[in-house]
Amino acid sequence: MTGQDNLFLRDVAAMRSHAQAYLEPDAIASARPQATIALLQAALTIEILCVWRYTMMSVSARGLRDQQVGFEFQEQANDERKHTRMVAEQITELGGVPDFQPKGLESRFGADYSGDFDRLVAQNLVAEQSVVEYYSDLIRYFGSSDPLTTAMLTTILQDEEDHATDMQDLLAS
């Protein structure tokens, strides 16, 4: 599936692309608080996108018709909300101000949530895989130089991997 018809993936990819400038191989995360804040702000934006997406899917026609599907997406939205808070708290702890109104996103409420439910789930899978890669990049970047941020990101990564597995399971059913 290409990113051309997947606004969710395009937004995730844009956040990752923006953050790449801060992921220099020889950079020391603890010595670059502004870079750390920028990397975490990209993660915050990704989490906000996921809350939007999964909440919308939980109340989609299929989510409302099939309680198990609706519950699954609401559970994922709740996980993403928890991640949003964790990342925002870390940004604040580092002296930054979390931006809860990210600009320039292509995803919009209701913009791409109608139509083929299986296609939307497949889009979610591809986007979740990209999110997993982003958190893996961040964990490598922060490593032992910022153990608190690394631990937080590791917790989030585990949930994101579970979300990707859930998407695979939904597609298989």
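Start with the whole chain. This is a predicted model. The protein chain holds six helices and zero strands. Colour by secondary structure and trace the sequence: the pattern reads α-α-α-α-α-α.

Next, switch on the surface. The accessible surface of the protein chain comes to about 8,400 Å². Carbon and sulfur atoms hold 54% of that area. The chain has 173 residues, and 51% of them count as buried. How much of the contact set is long in sequence? Take the contacts with a separation of 6 or more: 79% of them join residues 24 or more positions apart.

**Stop 1: helix 4 and helix 6**

Select residues 67-93, which form helix 4. Add residues 147-172 for helix 6. What angle do helix 4 and helix 6 make? They pack at about 165 degrees, and their axes lie 11 Å apart. Angles over 145 degrees count as roughly antiparallel, so that is the label for helix 4 and helix 6. Their crossing is left-handed.

Now show side chains on both helices. On the helix 4 side, pick Val69, Glu72, Phe73, Gln76, Asp79, Glu80, Lys82, His83, Met86, Val87 and Gln90. On the helix 6 side, pick Thr149, Met152, Thr155, Ile156, Asp159, Glu160, His163, Asp166, Met167 and Leu170. Colour this contact by residue class. Eight residues come up nonpolar, six polar and seven charged.

**Stop 2: helix 2 and helix 6**

Keep helix 6 and bring in residues 33-58, which make up helix 2. This pair packs at an angle of about 30 degrees, with axes 13 Å apart. Angles under 35 degrees count as roughly parallel, so helix 2 and helix 6 take that description. Here too the crossing is left-handed.

Which residues of helix 2 meet helix 6? Select Leu40, Glu47 and Tyr54. Opposite them in helix 6 are Thr149, Met152, Leu153, Ile156, Glu160 and Met167. By class, this contact has six nonpolar residues, one polar and two charged.

**Stop 3: glutamine 90**

Return to helix 4 and centre on glutamine 90. Is glutamine 90 buried or exposed? Its relative accessible area is 14%, so glutamine 90 is buried. Leave out residues up to four places away in sequence, and glutamine 90 touches Leu40, Asp146, Thr149 and Met152. Leu40 is already on screen from the helix 2 selection. Thr149 and Met152 belong to helix 6 and also appear in the contact with helix 4.

**Stop 4: alanine 77**

Stay in helix 4 and move to alanine 77. Alanine 77 has 0% relative accessibility, so it counts as buried. Set aside neighbours within four places in sequence, then look for Val51, Tyr54 and Thr55: alanine 77 is in contact with these residues. Tyr54 is one of the helix 2 residues that meet helix 6. For a distance check, pick the C-alpha atoms of alanine 77 and methionine 56. The separation is 9.1 Å, across 21 residues along the chain.

**Stop 5: leucine 64**

Finish at helix 3, residues 61-65, and select leucine 64. Is leucine 64 buried or exposed? Its relative accessibility is 59%, so leucine 64 counts as exposed. Beyond the neighbours within four places in sequence, leucine 64 is in contact with Ser58 and Val59. For contrast, flip back to alanine 77, which counts as buried at 0%.

Technical notes:
Residues are numbered from 1 along each chain as its sequence is written. This is a predicted model: local features need pLDDT of at least 70, side-chain atom pairs count only at pLDDT 80 or more; totals for chains, interfaces and linings use all residues. Side-chain values use heavy atoms; hydrogens and water are left out. Axes are lines fitted to C-alpha atoms, for helices over the stretch in contact, and angles run from 0 to 180 degrees between N-to-C directions. Helices (H or I, at least four residues) and strands (E, at least two) are DSSP runs, numbered from the N terminus. Angles under 35 degrees count as roughly parallel, over 145 as roughly antiparallel, 65 to 115 as roughly perpendicular and the rest as oblique. A crossing is left-handed if the near helix is turned anticlockwise from the far one by less than a right angle, and right-handed if clockwise. Contact means heavy atoms within 4.5 Å. Ala, Val, Leu, Ile, Met, Phe, Trp, Tyr, Cys and Pro count as nonpolar, Asp, Glu, Lys and Arg as charged, and the others, Gly among them, as polar. Buried means under 20% relative accessible area, exposed over 50%, partly exposed in between (1.4 Å probe, protein chains only). Accessible areas come from the Shrake-Rupley method with a 1.4 Å probe; for residues, only the protein chains shown count as cover.
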